[in-house]
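Trainee: I have a structure open and want to learn how to read it. Where do we start?

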Amino acid sequence: MNLKTETIEGFDIAKIRSDFPILNRMVHGKKLVYFDNGATSQKPRQVIDAITRYYEHQNSNIHRGVHTLSQEATDAYENARAIVARHLNAKHTHEIIFTRGTTESINLVASSFGKQFIRKDDEIIITAMEHHSNIVPWHMLCEEKEAKLKVIPFDDNGLLEMEAFKKLITTKTKLVSIVHVSNSLGVINPVKDIIRIAHEHGAKVLLDGAQALPHMKVDVRELDADFYCFSGHKVFAPTGVGILYGKEDLLNAMPPYQGGGEMIKTVTLEKTVYNDLPFKFEAGTPNIEGGIVLGEALNYINSIGLDAIRNYELRLLNYATKRLEEIPGIKIFGKTPEKAAVISFLAGNIHPYDMGMILDKLGIAVRTGHHCTQPVMERFCIPGTARASMCFYNTTEEIDVLIDGIKKAIQLLGE
């Protein structure tokens, strides 16, 4: 596979790929072709170096020490919080809460917002395409509070049925929690319209942005989102760190999620006085390295430009869709006008696991299974899909390798 070195739509592909050391790896004697970015992204050298730099020069606990290392680590960590706030266009830096990832962010809202605002017979609305992390916490909350969970359906192409949503929402609806971009279908949901409708009924809205943030600009104030969350590891940062954005008034009205160090002002044996935002929701020693390096990762993608990333990945998506549709028996799930660079597909009656195993032997990494969206698979009456999720360091040449691999799998399996 020979990569073109010319600049394509503002992208110097060879330069960008040189920032990602793992892309030089050989798998089963083949050059790695990595199309599993929806599960986790690879890390640029700038992020890897930042991890090393932290542990070699700044490693210390934060917010607690007067010595130099602690002060430097604290400054770097809080600078990263400011970077995230600017990236999301949050009004206040203290509206940015560090968590372990999207899953913990959603659980924080379910626990804390749920404790404060959800009562018996209240309603929570999700969609039928949610990741399990945006389903299970609401099941748990509804069981505890005797509230009702409602679900917005989607059509055969993956489009949310907005008329159904308008009928589902009532004055009893307290929260709408939806995915911004579907991890299994690649569909970009009409979140701005959903937020507007929800607010007209007095409901708050949480957006799961895990699959959106790496690929497009997100402006929480322009969207008017009440909560927005994402995971660092999908946006070129380490695992174990994520973000919950929440509007200041809501976060102030919510009780702490966990108790411990850092989230307190004073503690006696009789009483605890909680800390101010954002520390009220950040009990214990955080993932300091992860938080600092998340800032580096966001700086990296901003140096390339999110508009340029979006345009380039659309080019990859359109090319991959066209090439896949040339193969007889291929069925693509999620065919909507607005998509991220994700293609979920089946080839005839070939089980997705078999497809994935053969592609792996050819050095090609795709994700197979239900992608933690079992209700989506039930909707289509299928066991799962093979999913190729693309990123700005992928190329059309790699897509050609994927297409050849799929054809070989079909030939080997007799379909």
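Mentor: Start with charged side chains. This model is predicted. In it, Lys322, Arg323, Glu326 and Asp400 are linked in a network of salt bridges.

Trainee: Which residue does Lys322 form a salt bridge with?

Mentor: The partner is Glu326. Their closest N and O atoms are 3.2 Å apart. That pair counts as a salt bridge because the cut-off is 4 Å.

Trainee: Are Lys322 and Glu326 buried or exposed?

Mentor: Read the relative accessibility. Lys322 has 53%, so it counts as exposed. Glu326 has 45%, so it counts as partly exposed.

Trainee: How many salt bridges are there by this rule?

Mentor: The count comes to 26. Take Asp19 and Lys15 as another case. Their side chains meet in a salt bridge, at 3.2 Å from N to O. Asp19 counts as buried because its relative accessibility is 9%. Lys15, at 45%, counts as partly exposed.

Trainee: Which residue does Glu282 pair with?

Mentor: Glu282 forms a salt bridge with Arg81, and the closest N and O atoms are 2.8 Å apart. This pair links distant parts of the chain, 201 residues apart. Glu282 sits in the loop between strand 14 (272–274) and helix 10 (288–304). Arg81 belongs to helix 3 (residues 68–88). Both Glu282 and Arg81 are buried.

Trainee: Now helices. What describes two packed helices?

Mentor: Two things: the angle between their axes and the distance between the axes. Try helix 11 (residues 306–325) and helix 14 (residues 396–412). Their axes come within 10 Å and cross at roughly 25 degrees.

Trainee: Why do helix 11 and helix 14 count as roughly parallel?

Mentor: Angles under 35 degrees count as roughly parallel, so helix 11 and helix 14 fit that class. The crossing of helix 11 past helix 14 is right-handed.

Trainee: Which residues in helix 11 and helix 14 meet?

Mentor: Helix 11 brings Arg315, Leu316, Tyr319, Ala320, Arg323 and Leu324. Helix 14 brings Thr396, Ile399, Asp400, Ile403, Ile406 and Lys407. By class, the contact has 7 nonpolar, 1 polar and 4 charged residues. Look again at Arg323 and Asp400. They also belong to the network of salt bridges we began with.

Trainee: Let's do the backbone. Where is there a cis peptide bond?

Mentor: Look at the omega angle. The bond from Leu277 to Pro278 is cis, with omega near 0 degrees. Pro278 is in the loop between strand 14 and helix 10. Glu282 lies in that loop too.

Trainee: Which residue has a positive phi although it is not a glycine?

Mentor: Glu262 is one of them, with a phi of about 80 degrees. Find it in the loop between helix 9 (248–253) and strand 13 (264–267). Its relative accessibility is 15%, so Glu262 counts as buried. Cys372 also has a positive phi, of about 55 degrees. Cys372 lies in the loop between strand 18 (367–369) and helix 13 (374–380). At 32% relative accessibility, Cys372 counts as partly exposed.

Trainee: One last loop. Where is the place of Ser133?

Mentor: Ser133 is in the loop between strand 7 (123–127) and helix 5 (136–145). Its relative accessible area is 10%, so Ser133 is buried.

Trainee: What is Ser133 in contact with?

Mentor: Set aside its neighbours within four places in sequence. Then Ser133 is in contact with Thr103 and Ile106.

Terms used: Residues are numbered from 1 along each chain as its sequence is written. This is a predicted model: local features need pLDDT of at least 70, side-chain atom pairs count only at pLDDT 80 or more; totals for chains, interfaces and linings use all residues. Side-chain values use heavy atoms; hydrogens and water are left out. Buried means under 20% relative accessible area, exposed over 50%, partly exposed in between (1.4 Å probe, protein chains only). Helices (H or I, at least four residues) and strands (E, at least two) are DSSP runs, numbered from the N terminus. Axes are lines fitted to C-alpha atoms, for helices over the stretch in contact, and angles run from 0 to 180 degrees between N-to-C directions. Angles under 35 degrees count as roughly parallel, over 145 as roughly antiparallel, 65 to 115 as roughly perpendicular and the rest as oblique. A crossing is left-handed if the near helix is turned anticlockwise from the far one by less than a right angle, and right-handed if clockwise. Contact means heavy atoms within 4.5 Å. Ala, Val, Leu, Ile, Met, Phe, Trp, Tyr, Cys and Pro count as nonpolar, Asp, Glu, Lys and Arg as charged, and the others, Gly among them, as polar.
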